[in-house]
Amino acid sequence: MPKPRPSRPYDVVLYGASGFVGRQTVAYFARQAGGPRWAVAGRSAARLQAVRQACGAAQAGVVVADAADAVALDALAAQTRVVLSTAGPFARHGSELVAACVRHGTHYVDITGETPWVREMIERHHDAAARRGTRIVPGCGFDSVPSDLGAWGVAQALWQRHGERCASVKACFSLRGGLNGGTFASLVNMLETGRRRELADPFLLNPPGTVPADPLPHADPVAPHHDADFRAWLGPFFMGPINTRVVRRTVALSGESPFAPDFRYQEYLRFGRGPGAALAAAGFAFGSLAGQGALAFGPLRWLAAALAPAPGEGPSERAMDRGSFRCDLVGVGERGSLQRGCIAGRGDPGNRATTTFVCEAALALAFDAAALPGGAAFGGVLTPATAFGAVLAARLRRAGMTVEPLD
Ligand SMILES: NC(=O)c1ccc[n+]([C@@H]2O[C@H](COP(=O)([O-])OP(=O)(O)OC[C@H]3O[C@@H](n4cnc5c(N)ncnc54)[C@H](OP(=O)(O)O)[C@@H]3O)[C@@H](O)[C@H]2O)c1
């Protein structure tokens, strides 16, 4: 049996704290007034000491554990109530840590977008985590919090305001941000380990028995179109093949569901109005397909790797501060009512917003257990909406983000 969590020395351990996003999570925790008992963790004591010093986080403990060292990871998981991991590629550095958290009944959040790996974690750990009331919540970064919390929030509002279950939601993203070396490494790792076919499965993360007989209407969009609800030209969103799978898992896990049985979800990138926007959307759609094809080809992938930032690198502070994102949503009820929603924030989505999302998720696990959906004993390999729901939405609002159903 796991030790009761409240007796553990730490509330939250930040694993991967010396990485590009990891360092930002340390700075975020260092700013929490009167808050959690926490530690930085990773494979190198020297790099952890350096990040602690650079972020003015002398109060944080230090835990050293390589991602392949199951004994050290067991010791880590036994010392804390919650693990927040930013050590990716997660398919390389995440599996032993999740297993240790499940063994010790330690809640876990991360920022992975590697859906084939998430599928593996579901198969290995969902049942045990559910039995123990342990929340294992991948995908708590920019992929996939806005999509998941957004679709869930719109469906909730349709039910509460109109008494209608939600038949469909579409989301439309605008963003300004940069690329991290760790994100590029994770993408390349997925392609090099032959996960392309799994990535294309629209119901990759669904529990058995929840996949519709005809998945074709749920296929990822590939062509641009003009959308009357958003009054703009839209193109396929490159993160859609990640986020849509997470939203569909949320729908499948939502017992007393605000979602209709044949619920549909898709997401897009906004290009604006007029012929120039139409042309840009078409060019981007074609470029995305060409880019995916090129990355599947070894020599072109190596060339791209030479041009992309290396692991540990990412956009400048100035570029991250100037970034932003906005996710507009439109939901349609079973009887045709419309419900709009919006999730938006300032700062680079893959860094500033991702840091806020995952840190607030970890803090919710540490401090809001009784208010979380399903109550304190609920667990499993979950999604942001099923694990946190309105609790995370409220925390994100307090952190300065817009998270609203709109009138
Ligand atoms: N959801 C989102 O929107 C989002 C946004 C950004 C990033 N991400 C994902 O987050 C992950 C991290 O991104 P990043 O830019 O921060 O990458 P990064 O700078 O390369 O950081 C990777 C981290 O993993 C650690 N690590 C590597 N090998 C390890 C091992 N054997 N044992 C323990 N730790 C090990 C590194 O430790 P050292 O410092 O010791 O090398 C470092 O802390 C990536 O998978 C990326 O795709 C997601």
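Begin by selecting helices α1 and α14 in this predicted model, whose axes come within 9 Å of each other and cross at roughly 60°. That angle makes α1 oblique to α14, and the crossing of the two helices is right-handed. To see where they meet, show the side chains of Val-21, Gln-24, Thr-25, Tyr-28 and Phe-29 in α1, which face Asn-351, Thr-354, Thr-355, Val-358 and Cys-359 in α14. When the residues of this contact are sorted by class, 5 are nonpolar, 5 are polar and none is charged.

Next, move to a second helix pair by selecting α3, residues 70–78, together with α5, residues 95–104, which pack at an angle of about 45° with their axes 9 Å apart. Here too the angle has a name, since it makes α3 oblique to α5, and the crossing of α3 and α5 is right-handed. On the α3 side the contact is made by Ala-70, Leu-73, Asp-74, Leu-76, Ala-77 and Ala-78, while α5 brings Glu-96, Leu-97, Ala-100, Cys-101, Arg-103 and His-104. By class, the contact of α3 with α5 has 8 nonpolar residues, 1 polar residue and 3 charged residues.

Now step back to the whole chain and colour it by domain, giving one colour to domain 1, which covers 5–142 and 351–401, and another to domain 2, which covers 145–347. The centres of the two domains, taken over C-alpha atoms, are separated by 24 Å. Where the domains touch, 31 residues of domain 1 are in contact with 37 residues of domain 2. On the domain 1 side, the elements to select are α1 (20–30), α4 (90–93), α6 (115–132), α14 and α15 (384–398), each of which gives two or more residues to the side that touches domain 2. The largest share of that side, 6 residues, comes from α15. Sorted by class, the residues on the domain 1 side divide into 17 nonpolar, 10 polar and 4 charged.

For the last stop, select Asp-348, found in the loop between β12 (338–346) and α14 (349–367). Is this residue buried or exposed? Asp-348 counts as buried because it has 29 C-beta neighbours inside 10 Å, where 20 or more are needed. Leaving aside neighbours within four places in sequence, Asp-348 is in contact with Gly-177, Gly-178, Pro-315, Ala-319, Met-320 and Gly-323, so these can be added to the selection. To gauge a distance from this point, also pick Leu-199, which is 149 residues from Asp-348 along the chain, with 25 Å between the C-alpha atoms of the two residues.

Methods. Residues numbered from 1 in each chain as written. Predicted model: local features only at pLDDT ≥ 70, side-chain atom pairs only at ≥ 80, totals over all residues. Helix = DSSP H or I, 4+ residues; strand = E, 2+ residues; numbered from the N terminus. Buried ≥ 20, exposed ≤ 12 C-beta atoms within 10 Å, placed from the backbone. Contact = placed C-beta atoms within 7 Å. Domains from an automatic or database assignment. Nonpolar A, V, L, I, M, F, W, Y, C, P; charged D, E, K, R; others polar. Axes fitted to C-alpha atoms, helices over the stretch in contact; angles between N-to-C directions. Parallel < 35°, antiparallel > 145°, perpendicular 65-115°, else oblique. Left-handed = near helix turned anticlockwise from the far one by under 90°.
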